[in-house]
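Colleague: I would like a close look at one helix and its surroundings, followed by whatever else helps me read the model with care.

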Amino acid sequence: MNKLPLEVAFLISNHLSHREKQECALTCRSWCTWFRSNGLFEKVSLHAVNEDYLSMIHFFRDTSYGKSVLDLSIHVATMKLQDFTRLPGIFPNITQLHWAGDILLNSSQDRETFEMAILAWRHLKTIDDGSTLHWISAALLTETPIATQLEDIKLVYPVTEEDEDEEVGDSGFTTHINPPLYLARNAKSLTAVNAPFTVPSLNMAWELINHFTTLKLLNLNYSNRDEDDNGDIFFYGLAEEIRSDRSEEEIFRREGQGIFSIPLPNIRHLEVTVDIARFEMNCISKWMSYFQEAFPGLKSFTFECLESSIPPEIHSHSGFEMWDMRGRKMLKKFCVQFGHFSPFVLEEMEIYKVALEDLTVFVDRQSTDQFIYLKESSQTKSLKKLTIKEREKCIINGVYGLDMFQLIKRIPQLEAVKIDTFRGSLLQHNPTVIVSTLNNAPQIKTLKAPALMSGSSNENTVVSHPCELVHLDISYCQFKLTILEAQNINQTFTNILDSCPLLETFSTQVNAYKDETSNDAGIAVVFSFTNQPYLKSIQIKSLYETYFKFIINGKTTCYHQKYGEMRRPVPNVDETKVYIQIVARNASIIDTSVMSDIP
């Protein structure tokens, strides 16, 4: 690398993944020195529950490699002030800072020293702040050029127990936004994680957040205590002109519901996720009304549960009826879990010229008719991305598969499909769901879907014509295999991949195994990429440690890989276990990893 012109060396380095840079650094001493100084440490994470991170900090200080770090992530319980003040000198060029933990400050003088150290980071553009009371953000947001160059701000709030008092204290728990966000005049995105916000607290903070174009409230921690029980507080600071455009009857109705709010017209993208363990589900309609009233200029709207907490009982909470489509011509992305698409809702969309491009449909056993309604609606003329998510963790004898494929077939301009099922419950069992999607929409460029144990032998496993697919993500493969079953599934994968000559990226997660009593040997899950000349990336994750067999242009190489380690060459695979075989033209585009060490 030292003999190459610097521009050429940088060009090569920029095309390498971080893992590839690690492998290059292990080649020899000169390569190790070059990559350490030129990009290997662009992104650094220092995570520790004690002071083990100090040795890493000393390493970057003594070698000067810290000057090449652009993205710094630190997760500690508590850091001493004297250690913190060294960081800007060791990592002077960072543009992204991710912080979780406390800094030990014992006096006002300590606070001043801390703030001076923060301001030494002159290139920051992204801040992910999990410090006590968001001291880091508060220190950055002053009348300085640093505040105006920030682009993305993320505030992480501590997770508290339900019975804790909701007062600001040493824990940093507050229902309000502390940092003066209005000073980040050029910032476009604000994310609040675990925020204990209420509608009144957001209303009172409208001047702080209105200049952002993207607002994300992730794991919104709303418990409906005291503040929201009093409807009068919804009118705190409400300007008279907001009410002047509405009739007395409309004002009286909204006052009674406690949903009047100050509008935030500059916010174009709103994403809200909730955890049912910490969110009052009976207040869904109140929050939908607030979003409807406060965000008139939305282009995208997401409101859903965390994927780990989707309860069947939420069917009784419908938010669609609180969402008025009047004036929503700008809306292009809609992902709302709390309601169903009915003919009335879709007719309103057509009347008020709402033409969605990115739609998520949440289905359960009570709402499979949504696909039929959507198929006959005007939305089929505008949709470019369709996501299917199940509300319930298990739908027994799910029957919405055929209706879903008929909807897909009615959208000729569709570019992307994502099917997010809980380990699969379509009538057409996976992986043939991928086959059916490609047969009904050969023009799509991106497809993400799971592939589990195949169903009956008479399923359709043939893609009938070449497809235009560029990105394929088989989100989860889980197979308990015999030799015959492996042959059937591998043939299905071959049919799928052979029909995608334009494929550029492929990724999957595999959990393949055989019965403990089986004596079958030589069982493999095979992915063959011999007909994809444009392929740039193959990413395969195994759930547990496994053997890989690479066949590259006819040459076979075997590997073994464990959790947390790179794959290592071995003479042969262990054929008493299920292994993964990859047939490709180029080994350099293959990235493998193991996700867990606990079977």
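What covers the buried residues of helix H19?

Modeller: A word on the basis comes before the helix. This is a predicted model, in which local features need pLDDT of at least 70 and side-chain atom pairs count only at pLDDT 80 or more, while totals for chains, interfaces and linings use all residues. Residues are numbered from 1 along each chain as its sequence is written, and side-chain values use heavy atoms, with hydrogens and water left out. The chain averages a pLDDT of 82, with 79% of the residues scoring at least 70; pLDDT is the predictor's confidence in each residue, from 0 to 100.

Now the helix. H19 covers residues 483-498 and has 16 residues; helices here are DSSP runs of H or I with at least four residues, strands are runs of E with at least two, and both are numbered from the N terminus. From its first C-alpha to its last, H19 reaches 22 Å, close to the 22 Å expected at 1.5 Å a residue, where the expected span is 1.5 Å times one less than the number of residues. The buried residues of H19 are Ala 486, Ile 489, Asn 490, Thr 492, Phe 493, Asn 495, Ile 496 and Leu 497; buried means under 20% relative accessible area, exposed means over 50%, and partly exposed lies in between, with a 1.4 Å probe and protein chains only. What covers these residues includes helix H18 (432-440) together with strands E14 (446-451), E15 (471-480), E16 (505-513) and E17 (524-528), where contact means heavy atoms within 4.5 Å.

E17, one of those covering strands, leads on to a sheet. This open sheet has five strands in the order E17-E22-E19-E20-E21, with mixed pairing; two strands pair if DSSP finds at least two bridges between them. E17 and strand E21 (568-570) stand at the edges, and because each has a single partner strand, one side of each is left without a neighbour in the sheet. From one strand to the next the twist averages 30 degrees, with axes taken as lines fitted to C-alpha atoms (for helices over the stretch in contact) and angles running from 0 to 180 degrees between N-to-C directions.

Within this sheet, E19 (residues 546-552) and E20 (residues 555-561) pair in the antiparallel sense over seven bridges, and Lys 549 stands opposite Cys 558 in E20. Thr 546, which lies in E19, counts as buried because its relative accessibility is 7%. Leaving aside residues up to four places away in sequence, Thr 546 touches Tyr 559, His 560, Gln 561, Val 578, Tyr 579 and Ile 580. In the loop between E19 and E20 sits Asn 553, which has a positive phi of about 50 degrees although it is not a glycine. Most residues other than glycine have a negative phi. Asn 553 has a relative accessible area of 62%, so it is exposed.

His 134 makes a useful counterpart to consider. Its phi is positive as well, at about 55 degrees, although His 134 is not a glycine, and its place is the loop between strand E4 (126-130) and helix H8 (135-140). With a relative accessible area of 2%, His 134 is buried, whereas Asn 553 is exposed.

Elsewhere in the chain, strand E6 (residues 189-193) is mostly covered, five of its five residues being buried. On one side these are Ser 189, Thr 191 and Val 193, and on the other Leu 190 and Ala 192. E6 runs parallel to strand E5 (residues 152-156), to which five bridges join it, and Asp 152 has Ser 189 of E6 as its bridge partner. E6 also runs parallel to strand E7 (residues 214-220), again joined by five bridges, with Leu 217 in E7 as the bridge partner of Ala 192.

Some cautions remain for the bench. Over residues 311-317 the pLDDT stays under 50, and the model has 16 contacts for them beyond four places in sequence. Residues 394-398 have a pLDDT below 50 too, and that stretch has eleven contacts beyond near neighbours in sequence. As for cysteines, the structure holds zero disulfides, a disulfide being a pair of cysteine sulfur atoms within 2.5 Å. Cys 28 is partly exposed, with a relative accessible area of 33%, while Cys 335 counts as buried at 4% relative accessibility.
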